[in-house]
Amino acid sequence: IEHALEAGLDDIAIEEGGSRFLPYLRSTLAYKEALAQGHNILSHISEPRKGAQFAKFAFELGWIHYEMGDARQAISYYAQALSIGKAVYGDRHPNVATMLNNIGEAWKALGDVKKAIGYYEQALSIDKAVYSDRHPNVARDLNNIGSAWYALGDAKKAITYYEQALSIDKAVYGDRHPTVARDLNNIGLAWKALGEAKKAIGYYEQALSIDKAVYGDRHPTVAIRLNNIGLAWDALGDAKKAIGYYEQALSIDKAVYGDRHPNVAIDLNNIGSAWYALGDSQRAKECF
């Protein structure tokens with residue numbers, strides 16, 4: 001990439017960055033490095049680019065911003081990718097569906113859930129037309145729609161989408177895949193919202209077991225599962241047990257993201273709430 005940029009071969013840098021280097025850095029959780037490398041490539045590009053390679057590059061840069069907690073900036077890059085992607089692939093292509101899905105995720109992160117559902121449903125329509133009803137991309141879309149209904153407070157409706165996704169993903173991947181873990185986790189969230197915290201823990205623990213086997217013990221997805229188990233124990237009135245899970249999640253998130261990330265704030269908030277429930281206002285205040 002550096003040699004290509006020095007030689008003025010921007011298209012090669014874009015292709016290598018978007019197709020290989022940025023996805024590698026993102027998948028290995030090197031978010032800060034990915035952002036720096038992405039913007040370094042972008043700084044050498046003097047005029048707007050079109051084509052599939054730049055669409056992929058812009059999409060990756062958007063995804064990294066999203067992972068770093070900047071959903072608004074993510075949407076800006078995703079929108080560029082979508083515009084180019086539609087021109088390159090047409091409106092009914094699975095790559096376009098993936099872009100629509102990610103835009104939906106970013107709008108959901110910004111709190112505009114109804115807008116997110118619009119993007120998810122467009123993606124679902126494309127993927128069903130391309131792949132039929134029993135494909136993992138269809139499961140992904142169903143899962144996202146379920147998450148949106150959950151965010152809107154309709155946990156029962158969410159479960160119907162999550163269970164459809166789980167059925168597809170188990171058939172495609174088997175029982176011990178991270179996508180199956182995601183589905184199980186989401187069903188757990190919905191049951192907890194319906195007041196069934198013990199039932200939720202059963203789903204969370206299945207998800208945690210799969211994710212630890214796949215990712216190891218120090219991955220942000222494992223931290224999410226630990227946090228959710230902690231929240232369920234909190235709901236059952238066992239704040240001390242909850243703190244044990246929250247602190248494991250905090251240790252992982254600090255190692256992955258550093259001290260100034262929204263996920264770290266969530267962990268600290270959860271620990272603070274548990275200490276407050278135990279009557280230790282001073283510890284709670286420090287966490288908050």
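Tyr 31 and Tyr 257 are both buried in this structure, which is a predicted model. Their ring centres lie 5.7 Å apart with the planes at 10°, and planes under 30 degrees apart count as stacked, so this pair is a stacked one. Tyr 31 belongs to helix H3 (residues 31-43) and Tyr 257 to helix H13 (residues 239-257), so the two rings tie together parts of the chain that are 226 residues apart in sequence.

That pair is one of 4 aromatic pairs in the structure. Another brings Phe 59 and Tyr 78 together, this time in a tilted arrangement, with 5.4 Å from centre to centre and 40° between the planes. Here the link runs between helix H4 (residues 52-67), which holds Phe 59, and helix H5 (residues 71-89), which holds Tyr 78; the two residues sit 19 apart. Phe 59 is buried, and Tyr 78 is too. Trp 63 joins in as well, since ring pairs link Phe 59, Trp 63 and Tyr 78 into a cluster.

Rings also meet charges. Lys 157 places its charged end over the ring of Trp 149, at 3.9 Å from the ring centre. Lys 241 does likewise with Trp 233, where the distance to the ring centre is 4.1 Å.

Back in helix H3, there is also His 39 to look at. With a relative accessible area of 32%, His 39 falls between the 20% and 50% limits and so counts as partly exposed. Setting aside residues up to four places away in sequence, His 39 touches Leu 61, His 65 and Tyr 77. With His 65 there is a polar contact between the side chains, 3.1 Å in length. As for Leu 61, it comes 22 residues away from His 39 along the chain, and the C-alpha atoms of the two are separated by 8.3 Å.

Next come the charged pairs. Side chains of opposite charge can pair when their charged atoms come close. In this model the count of salt bridges comes to 11. One of them joins Arg 140 to Asp 127, with 2.9 Å between the closest N and O atoms. Arg 140 sits in helix H8 (residues 136-151) and Asp 127 in helix H7 (residues 113-131), so this bridge links distant parts of the chain, 13 residues apart. Both of these partners, Arg 140 and Asp 127, are buried.

A second salt bridge, 3.3 Å from N to O, is made by the side chains of Asp 169 and Arg 182. Since Asp 169 lies in helix H9 (residues 155-173) and Arg 182 in helix H10 (residues 178-193), the pair ties together parts that are 13 residues apart in sequence. The two ends have their own surroundings: Asp 169 is buried, at 0% relative accessible area, whereas Arg 182 has 22% relative accessibility and counts as partly exposed.

A third salt bridge connects Asp 211 with Arg 225, and the closest N and O atoms there are 2.7 Å apart. Asp 211 is part of helix H11 (residues 197-215) and Arg 225 is part of helix H12 (residues 220-235), so parts 14 residues apart in sequence are tied together. Asp 211 has a relative accessible area of 0% and is buried; Arg 225, at 6%, counts as buried as well. Elsewhere, salt bridges with shared partners join Asp 10, Asp 11 and Arg 49 into one network.

Helix H8 also carries Asp 141, which counts as buried at 0% relative accessibility. The side chain of Asp 141 makes a polar contact of 3.1 Å with the side chain of Arg 140. It also reaches the backbone nitrogen of Leu 124, at 3.5 Å. Apart from neighbours within four places in sequence, the contacts of Asp 141 are Asn 101, Tyr 120, Ala 123, Leu 124 and Asp 127.

Finally, there is helix H10, the helix of Arg 182. H10 has 16 residues and spans 23 Å from its first C-alpha to its last, close to the 22 Å expected at 1.5 Å a residue. The helix is mostly covered, with 13 of its 16 residues buried. Just after H10 comes Gly 195, which takes a positive phi of about 90°.

Technical notes:
Residues are numbered from 1 along each chain as its sequence is written. This is a predicted model: local features need pLDDT of at least 70, side-chain atom pairs count only at pLDDT 80 or more; totals for chains, interfaces and linings use all residues. Side-chain values use heavy atoms; hydrogens and water are left out. A salt bridge is a side-chain nitrogen of Lys or Arg within 4 Å of a carboxyl oxygen of Asp or Glu. Helices (H or I, at least four residues) and strands (E, at least two) are DSSP runs, numbered from the N terminus. Buried means under 20% relative accessible area, exposed over 50%, partly exposed in between (1.4 Å probe, protein chains only). Rings of Phe, Tyr and Trp (its six-membered ring) pair if their centres lie within 6.5 Å; planes under 30 degrees apart count as stacked, over 60 as edge-to-face and the rest as tilted. A charge sits over a ring if NZ of Lys or CZ of Arg is within 6 Å of the ring centre and within 35 degrees of the ring normal. Contact means heavy atoms within 4.5 Å. A polar contact is a pair of N or O atoms within 3.5 Å; within protein, one must be able to donate a hydrogen and the other to accept it, and residues adjacent in sequence count only if both atoms are side-chain atoms. The expected span of a helix is 1.5 Å times one less than its number of residues.
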